[in-house]
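This report looks at a few charged pairs and one group of surface residues. The sequence and structure come next.

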Amino acid sequence: MERYAKLHLWMLGLFLLVQICIFKFYWPSFTTKSWEFHFHYWLVSAWYILLIVQPYLAVNGKMERHRTLGILGFLIAGGAIFTGFSLLDFPLKLAAKWTPGRPGPPLAFYYGTLVAEFVLMLASAYAIYKGILLRKNLREHSWWLIASAFYMMMPAVGRGIILIWRSALPPEKLNPIIIGVSAELVYIPLLLLFASKFGKIKHKATLIGVFLVAVRTLRFPLGSSETIQTFLEASIKVS
């Protein structure tokens, strides 16, 4: 467990990064956000806080508290996943407002983002499931749950990167490819740094994290497909 002695501090750093990225997207428009968004924000935040507290309890021998809090934690994680799926209509709402010739990303961006976020929510749910399944193997249990935090972080990081570029460039010069690359330049080094630190470079959870990069890279081809667009519009109700 020596390798995990400072894991809570590493997770604290990840939590702070996510909060900094989402801050200007969430708090200035707090009163206008939907209830689904509020629930999702606070449930994901609570999940990250648990991923800080739980390693601290484990390495300090407080396993009874760790297990008790773990029961609550998986309920919180389930809520975060459920509310994440409930927000998948958000890109469709933006797509409905899209106007040809208007500065901003192409229509394919919104549909591709929906696909990417759907896949990352599936990956997050799978990671949490594996964390529950492998709860008696602390090293496997912990890495799957750490991976879930990485899978969940990109919507927040992406929105933070968008706001940074919006403050630096006029709308007509804002290139969604630059935004995507910038976000991945935050995500990929951090994922690999954590994986290297905890000896999980070749772990299945790490490979899924890399696979999600590939899915996001294919955002525009996926979002450009009229078949996919029609399927998404028919499958997801926009309120």
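Glu 184 and Arg 216 meet through their side chains in a salt bridge, with N and O 2.6 Å apart. Glu 184 lies in helix α7 and Arg 216 in helix α8, so the pair ties together parts that are 32 residues apart in sequence. Glu 184 is buried, because its relative accessible area is 11% and the cut-off for buried is under 20%. Arg 216 is also buried, at 8% relative accessibility. The model is predicted, and the values here are computed from it.

By the rule used, there are five salt bridges, among them the three in this table.

| Pair | Closest N to O distance |
|---|---|
| Glu 184 and Arg 216 | 2.6 Å |
| Lys 200 and Glu 140 | 3.6 Å |
| Arg 67 and Glu 64 | 3.3 Å |

Lys 200 forms its salt bridge with Glu 140. Lys 200 is in the loop between α7 (176-197) and α8 (204-217), while Glu 140 is in helix α6 (residues 138-168), so this pair links parts that are 60 residues apart in sequence. Lys 200 counts as buried, with 10% relative accessibility.

Arg 67 and Glu 64 sit within one helix, α3 (residues 63-86), three residues apart, which is about one turn of the helix. Glu 64 is exposed, because its relative accessibility is 59% and exposed means over 50%.

What do Leu 9, Leu 12, Leu 16 and Ile 20 form on the surface? They form a nonpolar patch, with about 370 Å² of accessible area together. Ile 20 belongs to helix α1 (residues 7-26) and is exposed, at 65% relative accessible area.

Definitions and conventions
Residues numbered from 1 in each chain as written. Predicted model: local features only at pLDDT ≥ 70, side-chain atom pairs only at ≥ 80, totals over all residues. Heavy atoms only, no water. Patch = residues over 30% accessible without salt bridge, like charges linked within 9 Å, V, L, I, M, F, W, Y side chains within 5 Å. Areas by Shrake-Rupley, 256 points an atom, 1.4 Å probe, with all protein chains shown as cover. Salt bridge = Lys/Arg side-chain N within 4 Å of Asp/Glu carboxyl O. Helix = DSSP H or I, 4+ residues; strand = E, 2+ residues; numbered from the N terminus. Buried < 20%, exposed > 50% of the residue type's maximum accessible area, 1.4 Å probe, protein only.
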